Amino acid sequence: MKRVKPLIGVSKKILSFSALLLSKWSFIIANLYLSSFANLKNKAFLSANGIFRHALIALFYLFFFFYPTVISAFASHSALYGIPEVFYFNRRNYSGGTQNWKLSQAANGLMYFANNDGILEFDGIDWRLLPKSADVIHRSVLAWNQRIYMGAFNEFGYYETNHKNDFVYHSLSSTDDYKSVGDVWNIVVFNGNIVFQADKGLVVYNEEDGTLSWIPARSRISNAFLVNGLLLIYDEMAGLMELRNDSLYEVPGGARFAGKSIGAILSLSPTEFLIATISDGLYFWDQKDFTSWQAPVADFLAKMNVFCGVEYRENQLVFGTIQSGVVVTDKSGNLMTMVNKDRGLNNNTVLGLTIDQEGNIWAGLDNGVARINYNSTINFIQGYYDIGTGYAASVGKESVYLGTNQGLYHIKREMFDNPVKDRTSFHRLEKTNGQVWSLFSVNEGQLLCGHNNGVFEIVGEQVRQITPPSVMGGWIFRYPPGREDLLLVGTYNGLILLKNENERWTYYKSLTGFNESARFMEWEGDRLWITHGYRGVFRLQFSEDYETIEAVESFENAPGLPSGLALNVSKVNEGVIFSSERGVFGYDNNSESFYRHYLNHYFTVDSFPVLVHQDRFLNYWFFTSRDVGVLRKLDDGTYKKVTSPFYPVEGKLVNGFEYLNVLDEQNVLIGIEDGFAHYAVNDTKAFMQPFNVHIRGLRNLSDPEVVYYHSTETLDTIPEWPFSHNSFEVHYSATCFESTRMLYSSYFEGFDEGWTNYSYSTQRQLTNIPNGEYIFWVKARNIHGVESQPVGFKFVVLPPWYRTITARVIYGVVVLLLLVFAWYLLNWLISRSRAMELQKQQEKFRITEEHLRNDALEKEKEMIRLRNEKLRNEMVFKEKELANSTINVIQKNDFLLNIKDDLLRIYRHGNLKEIQYKVSEIVRKIDRDIDNESQWELFEIHLEQVHQDFLNRLRKQFSDLTLRETRLCAYLRMEMSSKEISSLMNISVRAVENNRYKLRKKLGLEGKDNLNEFIRNI
């Protein structure tokens, strides 16, 4: 016999069903009995005892009327201490519009979203917009019978595969009768027909014969709801209506909702409805009367503006609100969880909701799309709560304490159990700021906290430090065997003793003889095992009163234990075990050696646990280097390894500081980065649920066309590619949204010998494929080990042209031609000798001609050499001419400068105005003659003849140079001194140096760069 625990889920379902029957019949019987009792009161023969007996019977039936509520609560989804994991997709992820309205999942698992920019498709990895149907906002979508129905403004229709490569849109609103229906807000399947709910009425589409019928609105229809087999319509002026026999009928009393905007109508039972308005609260309807919904969450939802809603499984409701995101309740109105902008969503306004095949909640938001893993076994106390990384926890009847790297937090147990607690519910206790390592409950309401700063005693929210400042760290607490008045504490630097005096723990002493960090320690008999990650394993022997360490044994090179192995010690029923990345070990005191423990049989070589913890139910909880799991003990004494429920915490654990706290068989707290994870047993969770894999595109590497399809049978014709296009790239994905860590294996039938090894790659390239008919198969395996059914794509690579039928016909024609012209062979042989003779003559002529051509080439080379030599001589001559010209200019300028100086001297010492005037006139003439433009132009011509295109290159590289700076560059190119340049430019030598400095800055030269060398290299 296995343990009874796996039957809990079945029991819950049975209890839930029995509760439903019991509630209906007990209510009817109680009413009948109370009515009879009221009538009997008027009977003369009714005795007091009879009245009392009938009253008891009526109360008995009423008990059974209320009893199902208790059963229903037992059968509901497990309570969440934290927030479900939320995955958010923004417009940058899906390349669409901001808003997302209705959502729908196809039978093959693909998700579809009515987005402002069109219909989005999501395959678990990639997003794409279906081919454009209309340039308007898309409001609704429904995946049904291999079709994707769509509704937009004055447009509705469906997408259907064209049996070639993709979806094709077919409009149903092309006729004049349906071109002005307004926005199509909803699409439902009712009585085998597709009903498009638009502003101005309902369009009923018969899939079989393709006919359309129109049902006009009284005013404007803003919503439609398919609940309990009824199609309920909300007309803004007429109120709540029902579609029957292709006509709209007012629901008795439904006029009260006129102008109140109904956001959702959900089923509470087969005959009872919940009506949620956007701004007027929530109502209960039993198909007779409308009353306010008396539920704990009713007032809250009324303030949050319910915009949409769906039923979750059999006993919960999901509301999409405008003000507070997604709210989940049970059908009794108890709040189960809430996910809003503060608690995981990126937007509080929910425009659409749907539940996928795995139980995830998808929300179309005013800005993006969110997937809420509500059906997961893991929820998180992190992020929003801002309590820090989780290292320790203590959960009592009245209080919960959480130790993190930020300090010790306290929260009332009642508030901790509340799924919508907020960050203010957690109070960080004074004096505990900093790293908390461990929590140890000594009595109800009394707690010891191992902290970076030592040990603290916690009573309620009162904190008292026990240890002196010299004691650092409080790793772990352990009672000595048979002593509850002493407590051994492992610290950073050894061990200390705490003593209980008058129900108060005080620091007693530090133990000498062992000074290593004692993070993991467990008693085996009267000896204490301590493991250190770097120093190895130690065993300590104590005195009889445990106040003295008498001996310390080190097991660094112990028999049976691999060297250099980091071990962690754990306490189990049979003693202690030591876990590591290379296996689990026990210690045999008789042989004084380590041995491999039987728990190793439950692990593979690459997944040995680094830490093992046995709970009070004898289950082994373990941590590997990446994740967490449990070996659940069965009634036959064996263990079942369970890892699937814990995949959401993979990669979130604090390596080296793993922690969990088993609260009961249903709930476990796990320390993770940024908080804690809450594992809650969810018996409705189908871990082995099948899923689909999809080949999302087969692209020829020489042809950009991509083939989209959803199954092997969607293509009517088998695609064919020429042999020259025999390389392909295949993309695939799986619609298992629970985890992105999907493994894929492929088999290229006709090419591969078998299935490839599983990998995370979502594509494969097929190159240089021989001609033939092929099928590409792919399958996927999720994190729970479930394999999908393989899907395949069949295609043909045509043979090369020389293997085609046409080529073979050509081959036959060639052979026939050879036979026909065979008789020409003899004539050819006769003429061959003649041709050979002629060829010899031609060869002699060719050789002679080649000799002549070679002689001509040699002469031409000699002419070129002479021409080049002449050009070099001319270059030398022109360079000399340029130099002479420059020297002449310099000499002339020097001469004129001397005259100028003499005249200026006369000018300064003369007295006659006429002399001064004439001297000034001569100076002006000389100035005009010095360095005039004609001289520069002549110099520029000579410079270009010697240094071809130098000035052009200079102006092209440095277009911002002035004429004066250009001239300075030319003179520097001629390697002139500053004095020569000053004469040519009619400036002083100091001015030349200043101009050189400015030129260096314009040319971007640093101090170490040589200006002359830089200009020569231009």
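Colleague: Why is Glu-869 called partly exposed?

Modeller: In this predicted model, Glu-869 has a relative accessible area of 35%. Buried means under 20% and exposed means over 50%. Glu-869 falls in between, so partly exposed is the right term.

Colleague: And what makes Arg-865 buried, exposed or partly exposed?

Modeller: The value for Arg-865 is 41%. That also lies between the cut-offs of 20% and 50%, so Arg-865 is partly exposed.

Colleague: How do you know that Glu-869 and Arg-865 form a salt bridge?

Modeller: Their closest N and O atoms are 3.5 Å apart. The limit is 4 Å, so the pair qualifies.

Colleague: Where do the two residues sit, and what separates them?

Modeller: Both are in helix H7, residues 824-909. They are four residues apart, so about one helical turn separates them. Elsewhere, salt bridges with shared partners join Glu-121, Asp-123, Arg-128, Asp-166 and Arg-696 into one network.

Colleague: What makes Arg-696 and Asp-123 a salt bridge?

Modeller: The N to O distance between their side chains is 2.7 Å. That is within 4 Å, so the pair counts. Arg-696 lies in strand S58 (residues 693-700), and Asp-123 in the loop between strand S5 (118-122) and strand S6 (127-129), so this pair ties together parts 573 residues apart in sequence. Both residues are buried.

Colleague: How many salt bridges are there in the whole structure?

Modeller: The search finds 35. One of them joins Glu-85 to Lys-652, with 2.9 Å from N to O. Glu-85 is in the loop between strands S1 (83-84) and S2 (86-89), while Lys-652 is in the loop between strands S54 (639-642) and S55 (660-662). The two residues are 567 apart, in distant parts of the chain.

Colleague: Are Glu-85 and Lys-652 buried or partly exposed?

Modeller: Glu-85 has 15% relative accessibility. That is under 20%, so Glu-85 is buried. Lys-652 stands at 21%, which means it counts as partly exposed.

Colleague: Which residues have the most contacts inside the largest nonpolar core?

Modeller: They are Val-326, Leu-353, Ile-381, Leu-402, Phe-416 and Phe-426. This core has 35 residues. Strands that each supply at least two of its residues include S23 (306-312), S25 (326-330) and S33 (407-412).

Colleague: What is Ile-381 in contact with, beyond its neighbours within four places in sequence?

Modeller: Its partners include Tyr-81, Phe-416, Phe-426, Leu-669 and Phe-676. There is also a second, separate core of 34 residues, with Trp-529, Leu-565, Tyr-587 and Phe-646 among them.

Colleague: Now the helices. What makes H11 oblique to H12?

Modeller: The axes of H11 (residues 963-973) and H12 (residues 978-985) cross at roughly 140 degrees and come within 11 Å. Roughly perpendicular stops at 115 degrees, and roughly antiparallel needs over 145, so H11 is oblique to H12. The crossing is right-handed. Arg-964, Leu-968, Tyr-971 and Leu-972 of H11 make the contact with Ile-981, Leu-984 and Met-985 of H12.

Colleague: Why are H12 and H13 called roughly perpendicular?

Modeller: The axes of H12 and H13 (residues 989-1002) cross at roughly 100 degrees. The range for roughly perpendicular is 65 to 115 degrees, so the term applies to H12 and H13. Their axes come within 8 Å.

Colleague: Which residues meet there?

Modeller: H12 brings Ser-978, Lys-979, Ile-981 and Ser-982. H13 brings Val-989, Val-992, Glu-993 and Arg-996.

Note on methods
Residues are numbered from 1 along each chain as its sequence is written. This is a predicted model: local features need pLDDT of at least 70, side-chain atom pairs count only at pLDDT 80 or more; totals for chains, interfaces and linings use all residues. Side-chain values use heavy atoms; hydrogens and water are left out. Buried means under 20% relative accessible area, exposed over 50%, partly exposed in between (1.4 Å probe, protein chains only). A nonpolar core is a set of buried Ala, Val, Leu, Ile, Met, Phe, Trp, Tyr and Cys residues joined through side-chain atoms within 4.5 Å. Contact means heavy atoms within 4.5 Å. Axes are lines fitted to C-alpha atoms, for helices over the stretch in contact, and angles run from 0 to 180 degrees between N-to-C directions. Angles under 35 degrees count as roughly parallel, over 145 as roughly antiparallel, 65 to 115 as roughly perpendicular and the rest as oblique. A crossing is left-handed if the near helix is turned anticlockwise from the far one by less than a right angle, and right-handed if clockwise.
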